[in-house]
Amino acid sequence: MDTGPTTTGAQAQGISVNKMIFMGTGTSGGVPLVGCSCPVCMSTDPYDKRLRTSALLILGTHPTTVPPPKPRSSLSPATTTGGPGTSTACDARADNSTGTTAQGEGETLKERTPMQFAVDVGPDFRQQALTHRLTYMDFALLTHAHQDHIGGIDELRQLNYYMKTSIPLYANHDTCEALRHRFDYIFAPFRGALGGGLPDLTLHQVEPLVPIVIGGLSITPLPVFHGDMPILGYAFHGICSGGGTLVYITDASCLPEETFAYLQLPANHPKVLVINALRSRPHPTHFTIQQALSAVQRINPQQAYFVHMTHDHTHTHLKEMLPPNVMATYDNLSVDL
């Protein structure tokens, strides 16, 4: 069984395939849970240790030219011009009319080999970055604003130090607003007065089912519901072998019909699906294992991977529960796409 990579990211020279690495596969509390003495939390099997869910994608066979973000000093801070509800949500919006990100005029493309980005940056990101020897991050995509998915963005500052440039974050409106509120010391206009040691990040607002293109990679944000909360999944077009699509969904309790309809179109149908499967018992805001299996059956990918799992089942038990085309992931699992 693959125990995950020992050398990834900037250390991976001459990578010839696209890879997805599950840096974390656990739910909001991780596994083991603090204070819990259940059999799973007390297990000595390393496959039962689950950091908060996050994925790293390394694209070695995809165009890897990435527009460099503007330095922080050249960005205009968000301003409020007319009272509540009028403040700018993000430093920049994705320029969906041209299929590129809004970067400003006169910028050149910067080579990165391979292109490398994360889906969600949770509170375990520092440990995950050390495990995978990360020295750069071209950008990050955020699914929603719960702490287990954004709590590690301050740790990106060390990558800023190596990269000497800002890191773009892509998210929906609500997540951009939550980031500005919770991490005001990063995004507020007065941040320059606080001294050094701050992350240099730029926010880009994306809209459901409106594709964006980053460095030649086409990405479509997908509508997902996390309880009553609208969040995002992401479809990555053309990164699987043979030009197939990878779809990444976490924290779903419901997929709207428009998402199913989009994924059933031949051009968008996923070859690989990542989807959350919390546990067997019902939960108000997360798919159960059976609900996730029903979604897999309806979407019908060649291969599916379950993430965001709590402490109800050991990894061995999960393997016994699942059909051949569905795999329970584990931390540091590396998959060739």
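## A tour from strand β14 outward

Start at Y248, whose bridge partner in β15 is V274. This is a predicted model.

**Stop 1: β14 and its neighbours**

Select strand β14, residues 244–248. How many of its residues are buried? The count is 5 of 5, so the strand is mostly covered. Now look at where the side chains go. G244, L246 and Y248 point one way, T245 and V247 the other way, and all are buried.

Add strand β15, residues 270–276. It runs parallel to β14, and 4 bridges join the two. Follow the chain between them. It leaves β14, passes through helix α6 (residues 257–264) and reaches β15. This β-α-β crossover is right-handed.

Next, turn to β13. In what sense does β13 pair with β14? The pairing is antiparallel, over 4 bridges. Pick C240 and find its bridge partner in β14, which is G244. The hairpin of β13 and β14 has 3 residues between the strands. Select G242 in this hairpin: its phi is positive, near 75 degrees.

Stay with β13, which covers residues 229–240, and select G238. Is G238 buried or partly exposed? Its relative accessible area is 32%, so G238 counts as partly exposed. Draw a distance from the C-alpha atom of G238 to that of A267. The two atoms are separated by 9.7 Å, and the residues are 29 apart along the chain.

**Stop 2: β9 between β8 and β10**

Move to strand β9, residues 167–171. Why is β9 described as largely enclosed by the rest of the structure? Because 5 of its 5 residues are buried. I167, L169 and A171 point one way from β9. P168 and Y170 point the other way.

Show β8 alongside. The two strands, β8 and β9, run parallel and are joined by 2 bridges. L141 stands opposite Y170 in β9. Then show strand β10, residues 201–205. It pairs with β9 in the parallel sense over 5 bridges. Find A171 and look across to Q205 in β10, which it stands opposite.

**Stop 3: aromatic rings**

Keep Y170 selected. Add F117, F139, Y234 and F236: with Y170 they form one aromatic cluster. The structure holds 8 aromatic pairs.

Begin with F22 and Y305. Their rings form a tilted pair, 5.7 Å centre to centre, with 45 degrees between the planes. F22 lies in strand β1 (residues 19–24) and Y305 in strand β16 (residues 303–307), so the pair ties together parts that are 283 residues apart in sequence. F22 and Y305 are both buried.

Return to F117 and F139. How far apart are their ring centres? The distance is 4.5 Å, with 10 degrees between the planes, and the pair is stacked. F117 sits in strand β7 (residues 115–119) and F139 in strand β8 (residues 139–141). This pair links distant parts of the chain, 22 residues apart. Both F117 and F139 are buried.

**Stop 4: charges over rings**

Select Y161 and K164. The charged end of K164 sits over the ring of Y161, 4.3 Å from its centre. Then select F260 and R298. Which residue lies over the face of F260? It is R298, at 3.9 Å from the ring centre.

**Stop 5: H311 and the cysteines**

Go to the loop between β16 and α8 (315–321), where H311 is found. H311 has a relative accessible area of 18%, so H311 counts as buried. Which residues does H311 touch, leaving aside those up to four places away in sequence? They are V31, L33, C36, C38, V40, C41 and R50.

Three cysteines appear in that list: C36, C38 and C41. How many disulfides does a search of the whole structure find? The result is 0. Measure from the sulfur of C38 to the nearest cysteine sulfur, that of C36: the distance is 3.6 Å. The cut-off is 2.5 Å, so C38 is in no disulfide.

End by colouring C38 and C254 by accessibility. C38 is buried, with a relative accessible area of 18%. C254, at 37%, counts as partly exposed.

Terms used: Residues are numbered from 1 along each chain as its sequence is written. This is a predicted model: local features need pLDDT of at least 70, side-chain atom pairs count only at pLDDT 80 or more; totals for chains, interfaces and linings use all residues. Side-chain values use heavy atoms; hydrogens and water are left out. Buried means under 20% relative accessible area, exposed over 50%, partly exposed in between (1.4 Å probe, protein chains only). Rings of Phe, Tyr and Trp (its six-membered ring) pair if their centres lie within 6.5 Å; planes under 30 degrees apart count as stacked, over 60 as edge-to-face and the rest as tilted. A charge sits over a ring if NZ of Lys or CZ of Arg is within 6 Å of the ring centre and within 35 degrees of the ring normal. Contact means heavy atoms within 4.5 Å. Two strands pair if DSSP finds at least two bridges between them. A crossover is right-handed if, with the strands pointing away from the viewer, the path from the first strand over the helix to the second runs clockwise.
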